[in-house]
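Visitor: I am new to this structure. Please take one part of it, the salt bridges and the loops and helices around them, and go through that part closely.

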Amino acid sequence: MEYPTAHFIFIAYNTNFHMNINFKVKKALVRVDFNVPLDKQYKITDDTRIREALPTIRHILDQGGSCILMSHLGRPLEKRNADGSINREKFTLKHLVAHLRRKLKTKVHFADDCIGKQAVKKAAALLPGEVLLLENTRFYPEEEQGDVVFAEKLAKLGDIYVNDAFGTAHRAHASTTVVAQFFDKNHKCFGMLMDREIANANKVMKNPAKPVTCVVGGAKVSDKMLLLERFLDFADNIIVGGAMAYTFMLAKKGTVGNSLVEADRVSTAKEFLKKAKAANVKVLLPNDSICAERFAADADTQVCLSNQIPDGCMGLDIGPSAARTYARTIRQSQTIIWNGPMGVFEMPAFAEGTKIVAKAVAAATRKGAFSMVGGGDSVAAVNQLKLAKKVSFVSTGGGAMLEYLEGKELPGIHAINS
Ligand code: AMP
């Protein structure tokens, strides 16, 4: 089956489907994202992903239904034992059972194969209010291959399919997408976490309060070009930071010393600036940068004009003047979307630009703006600065959110809606 990946289309999905389904005495097959980090003793070190799935599970159990939970954990097929066998001890979801029992205060059974006789038997015996956790779906290559036969075996375990794993919604895997074709429209829905992610992304893309400012940073122009182009459709301001700013500097005939650039993207950057001008979207580039001769936390730093970085020096953060300008624009905005840090925020010497931007986003939110932080490193930055609660929404979606904002139709979402 082919899944559409057309760019630059916006589809306003009807969310809150879960409210229309009655789970009483039904067995809900729920795809969750329990890909949590574990320490060497297999203790959970951060249970955020489990906690985020709890409202959906509780909703189903409270209605008198039961839950059959399926998830992946890590990459067991890639990280095999030396003899080539799967490291079941490391990647088993059994490590999560005790924690789930404590959180849900109900019976949580475990099937040590996600398909097969034992899973079928345990699913059939499941009583209302109880939970069955299936073993790691990625123990089977068929999961990531999106195998239809494997998906059908999973589908047979439940009456209703619920997808609450937004972080994997951009993958056409068996348990995230293909399985949905075995349920009709009245027997499949998004979970609450997925609903929230979609609703918030839609909120910023569809009739957002103006002015809209999109802040894009990070390492590579190539990773973010689709996102930048998409932002031209609805942004008033696009703020560019991170290493990608230096490819734009080259496009404007600046010199950037040893800064990280993508020489093969200079013409794309030039094109983008032209398109932005035609669309009347203001693109803000950093007029100054914090530079160093070494990519190191203890390197000596100096402030340079971003288009005149001397040979041997590299820009590793936006400079103080750029940070001030960016913060002012952000504070004057009503809608803010942020993806990617302004510099090498992992090193304190180059974290100031990201910090100032994060604080401005929090300040704008306090004054009533809607702010969304999405995609990998900017989420890490907001968490590191303890500002996650001071923005309107922090997406857990990573790559999925990036693709959704780019305007792609995610296979996991399409599968529920078709
Ligand atoms: P991304 O995953 O594309 O959002 O990129 C995030 C990474 O970009 C982070 O690890 C940052 O350290 C890195 N980064 C941001 N600004 C720069 C820069 N000026 N030079 C090199 N790396 C940078």
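Guide: The model is predicted, and a good place to start is the pair Asp-236 and Lys-210, whose side chains form a salt bridge with an N to O distance of 3.2 Å. Asp-236 is in the loop between helix H8 (221–231) and strand S8 (237–240), and Lys-210 is in the loop between helix H7 (192–205) and strand S7 (212–216), so the salt bridge ties together parts that are 26 residues apart in sequence. Both ends have some access to the outside. Asp-236 has a relative accessible area of 25% and is partly exposed. Lys-210 is also partly exposed, at 48%.

The loop that holds Lys-210 has further details. Lys-210 is joined to Pro-211 by a cis peptide bond, with omega at about -5°. Pro-211 belongs to the loop between H7 and S7. Asn-207 lies in the loop between H7 and S7 as well. The phi of Asn-207 is positive, about 50°, although Asn-207 is not a glycine. With a relative accessible area of 71%, Asn-207 is exposed.

A positive phi also turns up in another place. Val-25, which is not a glycine either, has a positive phi of about 50°. Val-25 is located in the segment before S1, and its relative accessible area of 63% makes it exposed.

Back to the salt bridges: the model has 13 of them in total. One of these joins the side chains of Arg-230 and Asp-233, at 3.0 Å from N to O. The two ends differ in how they are covered. Arg-230 is buried, at 5% relative accessible area, whereas Asp-233 is exposed, at 51%. The cut-offs matter for this pair: buried means under 20% and exposed means over 50%.

Another salt bridge lies within a helix. Glu-271 pairs with Lys-274, and their closest N and O atoms are 3.7 Å apart. Both residues are in helix H10 (residues 266–278), and because they are three residues apart there, about one helical turn separates them. Glu-271 is partly exposed, with 40% relative accessibility. Lys-274, at 56%, is exposed.

Some salt bridges share partners, and in this way Asp-47, Arg-51 and Lys-103 are joined into one network. Within that network, Asp-47 can be placed in the loop between strand S1 (27–31) and helix H1 (48–62). Asp-47 is buried, with a relative accessibility of 14%. Its side chain also makes a polar contact with the side chain of Arg-51, at 2.7 Å.

From here the account moves to a helix and then to the ligand. Helix H9 (residues 244–251) has seven of its eight residues buried, so the rest of the structure largely encloses it. The buried residues of H9 are Met-244, Ala-245, Tyr-246, Thr-247, Phe-248, Met-249 and Ala-251. After H9 comes Lys-253, which has a positive phi near 65°.

The ligand sits in the second largest pocket. Around the ligand there are 15 residues, and the closest are Ala-219, Lys-224, Gly-315, Glu-346 and Asp-377. Lys-224 has a polar side-chain atom 3.1 Å from an oxygen atom of the ligand. In the side chain of Glu-346, an N or O atom is 2.5 Å from an oxygen atom of the ligand. Ala-243 takes part through its backbone, where an N or O atom lies 3.2 Å from a nitrogen atom of the ligand. The ligand taken alone exposes 500 Å², and the protein buries 82% of that.

To return to the starting point, the salt bridge of Asp-236 and Lys-210 links two loops, one between H8 and S8 and the other between H7 and S7. The loop between H7 and S7 also contains Pro-211, which is on the far side of the cis peptide bond from Lys-210.

Note on methods: Residues are numbered from 1 along each chain as its sequence is written. This is a predicted model: local features need pLDDT of at least 70, side-chain atom pairs count only at pLDDT 80 or more; totals for chains, interfaces and linings use all residues. Side-chain values use heavy atoms; hydrogens and water are left out. A salt bridge is a side-chain nitrogen of Lys or Arg within 4 Å of a carboxyl oxygen of Asp or Glu. Helices (H or I, at least four residues) and strands (E, at least two) are DSSP runs, numbered from the N terminus. Buried means under 20% relative accessible area, exposed over 50%, partly exposed in between (1.4 Å probe, protein chains only). A residue is near a molecule or strand if one of its heavy atoms lies within 4 Å of it. A polar contact is a pair of N or O atoms within 3.5 Å; within protein, one must be able to donate a hydrogen and the other to accept it, and residues adjacent in sequence count only if both atoms are side-chain atoms. Accessible areas come from the Shrake-Rupley method with a 1.4 Å probe; for residues, only the protein chains shown count as cover. On a 1 Å grid over the protein atoms alone, a cavity is a set of points where a 1.4 Å probe fits but cannot get out, and a pocket is an open set with protein on both sides within 12 Å along at least five of seven lines; lining residues have an atom within 4 Å of a point. A molecule sits in a cavity or pocket if more than half of its atoms lie within 2 Å of its grid points.
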